[in-house]
Amino acid sequence: MAEERAQMFSIECVLDCENHLGEGPVWDEQSETLFWVDSTGPRVGKDAIWQFDPRTEQTRSWPLQKDIGAMALRKDGGAILALADGFYSFDFETGDAELIAHVTDDPDRTRLNDGKCDPKGRFFAGGMDDQEELGICSLWRLDPDMSLHQIEDGIICSNGPCWSPDGGTFYFADTFQNEIWAYDYDPETGQPSNKRVFASTSKDSGFADGSTVDAEGYVWNAQVISGDLIRYAPDGSVDRKICMPVRNITSVMFGGPDLMDIYVTSMARVSHPAAHDNFEKQNKPQYAAGALFRVRGLGIRGVPEPRFGG
């Protein structure tokens with residue numbers, strides 16, 4: 001069945017936006033538009049927050065002064081941002097970002113990276129070592145009352161936080177430890193427990209980056225370096241693999257009015273501050289690297305993305 005459906009899908013480049021490090025797509029059901037971020041765009045003079053309207057094919061973008069790891073839309077308007085050094089509120093009308101709380105990870109070589117909201121509107125975001133080498137980062141939870149809680153530590157590069165449709169399982173990856181983990185999750189307390197390996201990427205040609213979950217409870221992960229978009233069954237087995245047109249895909253999100261389109265972000269940057277040699281040395285980006293892609297025709301529906309509750 002997977003092979004039959006795979007023959008019918010299409011992949012298109014919907015916006016050649018040349019993101020330095022496109023990440024964190026969020027579908028807004030209210031406006032029926034897609035938001036995402038260019039995490040390290042501010043380092044090279046590019047805008048950091050992007051919005052795409054698939055009906056008109058129009059885009060908007062906003063500059064920031066700091067790296068941005070992720071964003072979550074707020075229930076009463078605006079957004080919460082995970083910037084390099086902490087959590088901020090953001091006003092789309094003024095473009096102003098206001099500090100909520102700093103994080104305490106090493107400010108000289110770490111920054112906040114990927115993040116998402118849980119079913120109760122708490123915002124989870126974790127850090128990454130900018131050298132992609134040391135386990136010196138934490139996973140943080142920002143509650144709707146704006147209190148900040150440290151959930152995990154010892155992380156090299158946080159990626160792919162997402163929840164099963166019933167809210168009972170939390171998924172989270174440390175990219176350069178080559179593992180995606182599953183936890184039991186209590187939606188009432190916001191506390192994960194019973195950490196175990198959900199899937200390993202140690203034998204793959206890519207590394208786990210951003211994730212989302214579909215309505216059937218399968219986990220979708222974008223593998224950076226390999227360009228493979230992978231759908232994992234709830235037991236961690238690989239259900240299908242889609243080869244994207246560029247290798248450095250970074251994250252994935254369902255969108256469209258029926259949540260049956262799949263949007264995939266990517267990065268164009270060639271040089272990396274990392275101490276390791278996992279990234280192939282390139283003189284220039286691949287064609288369409290940094291673009292926004294859309295996959296259609298799989299017949300699989302996503303789930304609505306929760307908004308931050310504060």
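Val303 touches Val213, Asp214, Ala215 and Leu259, leaving aside residues up to four places away in sequence. The model described here is predicted. Val303 belongs to the segment after β24 (292–296). With a relative accessibility of 24%, Val303 counts as partly exposed, because the buried class requires a value under 20%. The C-alpha atom of Val303 is separated by 24 Å from that of Arg196, and the two residues are 107 positions apart along the chain.

One of the contacts of Val303, Asp214, also takes part in a network of salt bridges. This network links Asp214 with Glu216, Arg231, Asp239 and Arg240.

**Salt bridges**

A search of the whole structure gives 23 salt bridges. Three individual pairs are listed below with their N to O distances and the relative accessible area of each partner.

| Pair | N to O distance | Relative accessible area, Arg | Relative accessible area, acidic partner |
|---|---|---|---|
| Arg294 and Glu12 | 3.0 Å | Arg294: 7% | Glu12: 29% |
| Arg307 and Asp28 | 2.3 Å | Arg307: 23% | Asp28: 7% |
| Arg55 and Asp53 | 3.1 Å | Arg55: 56% | Asp53: 14% |

The side chains of Arg294 and Glu12 meet in a salt bridge at 3.0 Å. This pair links distant parts of the chain, with Arg294 in strand β24 and Glu12 in strand β1 (residues 10–15), 282 residues apart. Arg294 is buried, because its relative accessible area of 7% falls under 20%, whereas Glu12 counts as partly exposed at 29%.

Between Asp28 and Arg307, the side chains meet in a salt bridge at 2.3 Å. Asp28 lies in strand β2 and Arg307 in the segment after β24, so the pair ties together parts that are 279 residues apart in sequence. Asp28 is buried, at 7% relative accessible area, while Arg307 is partly exposed, at 23%. The segment after β24 is also where Val303 is found.

In the third pair, Arg55 forms a salt bridge with Asp53, and their closest N and O atoms are 3.1 Å apart. Arg55 is exposed, because its relative accessible area of 56% is over 50%. Asp53, at 14% relative accessibility, counts as buried.

**Cavities**

Rolling a probe the size of a water molecule over the atoms shows where empty space is left. The structure holds four cavities of 30 Å³ or more.

The largest cavity has a volume of about 140 Å³. Its lining comprises 16 residues, and those nearest the centre are Leu21, Glu23, Glu132, Cys157 and Asp209. Classified by residue type, this lining contains seven nonpolar, four polar and five charged residues.

The second largest cavity encloses about 40 Å³ of space. Its lining is formed by Gly24, Pro25, Val26, Ala70, Met71, Asp114, Gly115, Lys116 and Glu305. Two or more of these lining residues come from each of β2 (22–28), β6 (68–73) and β10 (110–117). By class, the lining of the second largest cavity has four nonpolar, two polar and three charged residues.

Strand β2 therefore appears in two settings: it gives two or more residues to the lining of the second largest cavity, and it holds Asp28, the salt-bridge partner of Arg307.

Technical notes
Residues are numbered from 1 along each chain as its sequence is written. This is a predicted model: local features need pLDDT of at least 70, side-chain atom pairs count only at pLDDT 80 or more; totals for chains, interfaces and linings use all residues. Side-chain values use heavy atoms; hydrogens and water are left out. On a 1 Å grid over the protein atoms alone, a cavity is a set of points where a 1.4 Å probe fits but cannot get out, and a pocket is an open set with protein on both sides within 12 Å along at least five of seven lines; lining residues have an atom within 4 Å of a point. Grid points are joined across faces, edges and corners, and a volume is the space filled by probe spheres set on the points. Ala, Val, Leu, Ile, Met, Phe, Trp, Tyr, Cys and Pro count as nonpolar, Asp, Glu, Lys and Arg as charged, and the others, Gly among them, as polar. Helices (H or I, at least four residues) and strands (E, at least two) are DSSP runs, numbered from the N terminus. Buried means under 20% relative accessible area, exposed over 50%, partly exposed in between (1.4 Å probe, protein chains only). Contact means heavy atoms within 4.5 Å. A salt bridge is a side-chain nitrogen of Lys or Arg within 4 Å of a carboxyl oxygen of Asp or Glu.
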